[in-house]
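Biologist: I'd like a close look at the pockets here, and at whatever lies around them. Give me the cut-offs behind your words as you go.

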Amino acid sequence: MRLNVQSRLNEFLEAAPGIEGRESMQLPDAVLETDDIRIVMISEAVPKNPDDFFYSRNPDAAYLSTAIPILNEAGLDVRGMDDVIHRGIYITTAIKTPKEGYAVPTGVIASQLPILEQELALFSHLKAILLMGDVAKKAFNMIARKRTGKNLIPSQPTYRIRGNEYMLDGIRVFPSYIITGGNLLIEKGKIATIREDIASAMALLKP
C-alpha cells in the first residue's frame with residue numbers, strides 16, 4: 001500500500017485521545033510502499049530543530065550527517081532518505097517530541113508508545129528491527145511485554161547482549177547504538193557495531 005506516513009499517523013492521532021505533546025511532534029514525512037519496507041531502524045527522539053530530522057529536506061540535516069555515512073559504510077550506497085526507503089529501510093524515532101533534558105522519562109515513552117505501535121503496524125513484511133539506543137530498547141520492550149508478558153531485550157549494556165538472537169513475531173530484533181549525535185564522530189567502536197548490525201539485518205533480505 002502506498003501512503004504518506006505523516007498523514008496516516010496524523011489521522012491516528014486525531015482519533016486517539018490522551019497522547020500529550022502533539023503540538024511539538026515531528027512525524028516522518030515519507031511517501032512509501034509499505035509492502036517494500038523490510039527493515040525498520042528506531043532511533044531515540046526527534047531533534048529540537050525540525051530541519052535536522054531524518055525526513056527534513058535540508059541537505060545538511062544533522063541526523064542525516066551521521067546516519068547516511070554509516071549506512072554507506074554498511075554497503076547501502078545511499079545519498080538521502082529517498083534512497084534509504086528505496087532499499088527497503090524505514091527510519092523513525094521512539095518518541096516524536098524533542099528531549100527536554102539528557103534522558104527521556106519513561107512516562108513520555110509510554111505515552112507516545114501507541115504512535116510507534118501504529119507506525120510499526122504499517123509494515124507487514126518486516127524481517128528486522130534495529131533498536132538504536134536505550135530509548136528505543138525501552139520502548140520496544142514495552143511493546144514486547146504487551147504481547148508476551150516479558151521483556152525481549154535484556155536490561156544490560158548493548159555490547160554484552162548484541163551477539164544473541166532476539167525474535168518477536170518472526171522478526172529479528174537487533175539491540176544497537178544510537179545513530180545520531182556528534183559523539184559518534186569520536187566513538188569509532190560504536191560506529192563499527194552499528195555498521196555490523198545494519199549489514200547483518202540486510203543479509204536477512206537475501207534469498
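Modeller: Let's begin with α3, which gives the most to the lining of the second largest pocket, with four residues. Here a pocket is an open set of points on a 1 Å grid over the protein atoms alone where a 1.4 Å probe fits, with protein on both sides within 12 Å along at least five of seven lines, and lining residues have an atom within 4 Å of a point. This is a predicted model, with local features needing pLDDT of at least 70 and side-chain atom pairs pLDDT 80 or more, while totals for chains, interfaces and linings use all residues. Residues are numbered from 1 along each chain as its sequence is written, and side-chain values use heavy atoms, without hydrogens or water.

Helix α3 spans residues 81-86, and β2 (31-33) joins it in supplying at least two residues of that lining. Helices (H or I, at least four residues) and strands (E, at least two) are DSSP runs. The lining has 20 residues, and nearest the pocket's centre you'll find Val31, Arg57, Met81, Asp82 and Ile85. Sort the lining by type and you get ten nonpolar, four polar and six charged residues. Asp, Glu, Lys and Arg are the charged ones, Ala, Val, Leu, Ile, Met, Phe, Trp, Tyr, Cys and Pro the nonpolar ones, and the others polar. The volume comes to about 300 Å³, taken as the space filled by probe spheres set on the points.

Now for the largest pocket, which holds about 800 Å³ of space. Its lining counts 30 residues, and those closest to the centre are Glu44, Lys99, Tyr102, Ile178 and Thr180. Three elements give two or more residues to that lining: β3 (39-45), α2 (62-73) and α5 (134-148). The mix is 14 nonpolar, eight polar and eight charged.

Glu44 deserves a stop. This residue sits in strand β3, and it counts as buried because its relative accessibility is 18%, where buried means under 20%, exposed over 50% and partly exposed anything in between (1.4 Å probe, protein chains only). Leaving out residues up to four places away in sequence, Glu44 touches Thr93, Ala94, Ile95, Lys99, Met132, Val135 and Ile178, contact being heavy atoms within 4.5 Å.

Next comes strand β4. It pairs with β3 in the parallel sense over six bridges, pairing being at least two DSSP bridges between two strands. Across that pair, Ala45 stands opposite Ile95 in β4. Strand β4 is largely enclosed by the rest of the structure, because seven of its seven residues are buried.

Glu100 makes a good contrast to Glu44. Its place is in the loop between β4 and α4, and with a relative accessible area of 77%, Glu100 is exposed. If you want to relate it to where we began, 26 Å separates its C-alpha atom from that of Met81, although the two residues are 19 apart along the chain.

Step back to the sheet: five strands in an open arrangement, ordered β4-β3-β5-β7-β6, with mixed pairing. The edges belong to β4 (89-95) and β6 (166-168), each with a single partner strand, so one side of each has no neighbour in the sheet. Further in, β5 (residues 128-132) runs parallel to β7 (residues 171-176), with five bridges joining them. There, Ile129 faces Val173 in β7.
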